[in-house]
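Q: Please take a close look at one part of this structure and work outward from it. I would like a connected account of how that part packs against its surroundings.

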Amino acid sequence: MKYYHPSSLPRYRRYARHLKTVHFPNDVLFQDHIRQGDLEQVGRFIRARKVSLDTVYPSGMAAIHEAVLTGNLECVKLLIKYGADINQTDDEGWTPLHMACSDGYADIARYLISLGAQCDATNNEGDKPSDLIDPEYKDLVELFQAAHVN
């Protein structure tokens, strides 16, 4: 299917001047790529220095928090590869490990812990990541029990 821009058709030329386009800020696009798990675009934005990984967005979270909330371990790894802070806090003092534990993402929690994420970090309400684990998330319960034994 061939795409025709309205201004290329004689009948629409007079209306083409009034067409408006919408441009979103890079931060908004970047967050959207993270939420969609589009690793290629996430990498492009970072390499082109269109975004800063330590920026806390209006949502109250940084890019790594957004990636953890999607449950996409590969996206978390990519952000960390390019320098995202594994202990960065959001507006409520939550680290990526808090979010992984709260949402039951054992693979992400395991990865963050393997890189040295602070298991004893407390959020603004005084909760540690282990305090936020639902007992039904047996992988996470076992992970933190093993971490305390070592």
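A: Helix 4 and helix 5 are roughly antiparallel to each other in what is a predicted model. Their axes are 8 Å apart and make an angle of about 165°, which is over the 145 degrees needed to count as roughly antiparallel. The crossing of this pair is left-handed. From helix 4 the contact uses A63, I64, A67 and V68, and from helix 5 it uses C75, V76, L79 and I80. By class, these are eight nonpolar residues, with no polar and no charged ones.

The setting is a chain with eight helices and zero strands, so the order of elements along the sequence is simply α-α-α-α-α-α-α-α. Of the 150 residues in the chain, 36% are buried. The chain exposes about 9400 Å² of area, and carbon and sulfur atoms supply 49% of that. Among contacts between residues at least 6 apart in sequence, 61% join residues at least 24 apart.

Two further packings extend the picture, one from each helix of the pair. In general, two packed helices are described by the angle between their axes and the distance between the axes.

Helix 4 (residues 63-70) also packs against helix 6 (residues 96-103). Here the axes come within 9 Å and cross at roughly 15°, and helix 4 and helix 6 are therefore roughly parallel to each other. The crossing of helix 4 with helix 6 is right-handed, whereas that of helix 4 with helix 5 is left-handed. I64, H65, V68 and L69 represent helix 4 in this contact, and they meet P96, M99, A100 and D103 of helix 6. The classes of these residues are six nonpolar, one polar and one charged. I64 and V68 of helix 4 thus appear in the contact with helix 6 and in the contact with helix 5.

Helix 5 (residues 73-81) packs in turn against helix 7 (residues 106-114), with the axes coming within 10 Å and crossing at roughly 25°. That angle makes helix 5 roughly parallel to helix 7. The crossing of helix 5 and helix 7 is right-handed. On the helix 5 side the residues are L73, V76, K77 and I80; on the helix 7 side they are D107, I108, Y111 and L112. Sorted by class, the contact of helix 5 with helix 7 holds six nonpolar, no polar and two charged residues. V76 and I80 of helix 5 take part here and in the contact with helix 4. Within helix 7, the buried residues are A106, I108, A109, Y111 and L112; I108, Y111 and L112 are also on the list of residues that meet helix 5. Just after helix 7, G116 has a positive phi of about 100°.

Individual residues fill in the surroundings of helix 4. E66 lies in helix 4 and counts as buried because its relative accessibility is 4%, under the 20% limit. Leaving aside neighbours within four places in sequence, the residues in contact with E66 are Q31, I34, R35, S59 and M61. Helix 2 covers residues 26-36, the stretch to which Q31, I34 and R35 belong.

The loop between helix 4 and helix 5 contains N72. Apart from residues up to four places away in sequence, N72 touches G37, L39, A67 and I108. A67 is one of the helix 4 residues in the contact with helix 5, and I108 is one of the helix 7 residues that meet helix 5. N72 also comes to 9.5 Å from Q36, C-alpha to C-alpha, although 36 residues separate them in sequence.

On the N-terminal side of helix 4, the loop from helix 3 (39-47) to helix 4 holds R49. Most residues other than glycine have a negative phi. R49 departs from that, with a positive phi near 55°. At a relative accessible area of 74%, R49 is exposed, since the limit is over 50%. K50 is 9.7 Å from P25 between C-alpha atoms, with their positions 25 residues apart in sequence. P25 sits in the loop between helix 1 (13-16) and helix 2, and is partly exposed with a relative accessible area of 49%.

Key:
Residues numbered from 1 in each chain as written. Predicted model: local features only at pLDDT ≥ 70, side-chain atom pairs only at ≥ 80, totals over all residues. Heavy atoms only, no water. Axes fitted to C-alpha atoms, helices over the stretch in contact; angles between N-to-C directions. Helix = DSSP H or I, 4+ residues; strand = E, 2+ residues; numbered from the N terminus. Parallel < 35°, antiparallel > 145°, perpendicular 65-115°, else oblique. Left-handed = near helix turned anticlockwise from the far one by under 90°. Contact = heavy atoms within 4.5 Å. Nonpolar A, V, L, I, M, F, W, Y, C, P; charged D, E, K, R; others polar. Buried < 20%, exposed > 50% of the residue type's maximum accessible area, 1.4 Å probe, protein only. Areas by Shrake-Rupley, 256 points an atom, 1.4 Å probe, with all protein chains shown as cover.
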